[in-house]
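Visitor: I would like to learn how to read a model like this one, feature by feature. Could you take me through it?

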Amino acid sequence: FKSEVELEHNFVADGQGELELEQAFVNYHAGKWGFQGGVILPTVGLLNEYHEPPLFLSVERPDYNKYIIPTTWFGNGFAFYGNIADVSLKIALIEDLEGEGITTTGIRNGRGKGYKTTGYSLVKNMSAVYTGISSLRVGGSLTLNDAPIYNEPDTSISVQMFEVNAKYSDNNIYAVFEYGQNSFEGNNYTAPLKTSSGYYLDLGYNIGEMVNTNNLMPWFRVSNVSTDVDTDSKITDYMRFGLTWWPIDNVAFKMDYGTKTKKSDPDNPTTQINLGIGYNF
């Protein structure tokens, strides 16, 4: 049995903050095959299943993992998984997305989180990960759902989410790339957007040995997120630089600086400075 309870924003009171059961499932495995049932996380991108702060470089998750992949995305369902040679395969079936939550801001508010959700269509998530080359992980997934509008199956938004990802970490080099695209089509309903897409690339170099400490990594990120390809104000470019230090593997001290530039206003980027401590236990 595996579980995770998360207290969002440090408290729950007067309708603010969130107490979430993000994982709670029975996991059975025998040899190369297994089964999960309960509250599970579909395999989409690098940070949905494993989203603890020491696992990503910046203080905040990449915006890609908010607007294109709705991390953290969990729901009631079950999954079958297994390995063939160096390839890990997984098929998950979970509760429907909420079609009314899919807006011009993207797919994020379509997550049902187990609350009054339906199983009219079920989210179908199929993923594959290749680890046959040392220190390299390459993966991808396809997710399909007819998301009902206010739990009415006769009106829905058909969602197709496709993403690929790669991660390399060796010889003090760290590199991550993710790209995803979502397509939306209304059924007896006008979908508020047709597509959304985005990517990010992280590159870093571990200089910890040079200064006689555990992992210490300067890094930079380039990214683009489009939550509505027909609206310039919804297309944003990101550039970020940072320094992350892991005194031990489960604790990370982070600082980063970046710019956020909307396609509709390229001469007035927004700047941001973040300081943070990430940990998991």
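Visitor: Let me start with a single residue. In which strand is His 9 found?

Guide: Happy to help, and please keep in mind that this is a predicted model. To place a residue, look up the element that holds its number: His 9 is found in strand β1, which covers residues 2-13.

Visitor: What is notable about the phi of His 9?

Guide: A backbone angle is read together with the residue type. His 9 has a positive phi of about 65 degrees, although it is not a glycine.

Visitor: Is His 9 buried or exposed?

Guide: Here a cut-off helps: exposed means over 50% relative accessible area. His 9 counts as exposed because its relative accessibility is 56%.

Visitor: How does β1 pair with β2?

Guide: For a pair of strands, read the direction and the number of bridges. β1 and strand β2 (residues 16-30) pair in the antiparallel sense over eight bridges. Within that pairing, Leu 7 stands opposite Leu 19 in β2.

Visitor: How many residues lie between β1 and β2 in their hairpin?

Guide: There are two residues between these strands, and Asp 14 in the turn has a positive phi of about 55 degrees.

Visitor: Where do the side chains of a regular strand point?

Guide: In a regular strand they alternate between the two faces of the sheet.

Visitor: Let me move along the chain. How many bridges join β7 to β8?

Guide: Strand β7 (residues 136-149) and strand β8 (residues 152-170) are joined by 14 bridges and run antiparallel. To follow the register, pick one pair of partners: Val 138 stands opposite Ala 166 in β8. The hairpin of β7 and β8 has two residues between the strands, and Tyr 150 takes a positive phi near 50 degrees there.

Visitor: And what joins β8 to β9?

Guide: That connection has 15 bridges, with β8 and strand β9 (residues 173-187) running antiparallel. One pair to look for is Ser 169 with its bridge partner Tyr 174 in β9. β8 and β9 form a hairpin with two residues between them.

Visitor: Which residue in that turn has a positive phi?

Guide: Asn 171 does, with a value of about 50 degrees. Asn 171 lies in the loop between β8 and β9, and it is a residue other than glycine. With a relative accessible area of 56%, Asn 171 is exposed.

Visitor: What about peptide bonds: which one is cis between Thr 71 and its neighbour Thr 72?

Guide: For this feature, read omega. The peptide bond from Thr 71 to Thr 72 is cis, with omega near 0 degrees. Thr 72 lies in the loop between α1 (64-67) and β4 (75-84).

Visitor: Now a residue in another loop. Is Thr 227 buried or exposed?

Guide: The cut-off for buried is under 20% relative accessible area. Thr 227 counts as buried because its relative accessibility is 6%. The loop in question runs between β11 and β12 (235-248).

Visitor: Which residues does Thr 227 touch?

Guide: When you read contacts, set aside the neighbours up to four places away in sequence. Thr 227 then touches Tyr 67, Thr 104, Thr 105, Gly 106, Leu 193, Thr 195, Ser 196 and Lys 234.

Visitor: Where is Phe 220, and what does it touch?

Guide: Phe 220 is in strand β11 (residues 216-226). Beyond its neighbours up to four places away, Phe 220 touches Leu 201, Asp 202, Leu 203, Arg 240 and Phe 241. Phe 220 is partly exposed, with a relative accessible area of 32%.

Visitor: Finally, the whole chain. How many helices and strands are there?

Guide: The chain has one helix and 14 strands. Of its 281 residues, 42% count as buried.

Visitor: How does the radius of gyration agree with that of a compact globule?

Guide: The idea is to compare the chain with what its length would suggest. A compact globule of 281 residues would have a radius of gyration near 19 Å, and the chain has 19 Å, so the two agree. Along its principal axes, the C-alpha trace spans about 60 × 55 × 45 Å.

Visitor: And how many charged side chains are there?

Guide: The chain has 20 positive and 33 negative side chains, and the centres of the two sets lie 1 Å apart.

Notes: Residues are numbered from 1 along each chain as its sequence is written. This is a predicted model: local features need pLDDT of at least 70, side-chain atom pairs count only at pLDDT 80 or more; totals for chains, interfaces and linings use all residues. Side-chain values use heavy atoms; hydrogens and water are left out. Helices (H or I, at least four residues) and strands (E, at least two) are DSSP runs, numbered from the N terminus. The radius of gyration is taken over C-alpha atoms; the globule rule is 2.2 Å times the number of residues to the power 0.38. Buried means under 20% relative accessible area, exposed over 50%, partly exposed in between (1.4 Å probe, protein chains only). Lys and Arg count as positive and Asp and Glu as negative; His and the chain ends are not counted. The place of a charge is taken as NZ of Lys, CZ of Arg, CG of Asp or CD of Glu. Contact means heavy atoms within 4.5 Å. Two strands pair if DSSP finds at least two bridges between them.
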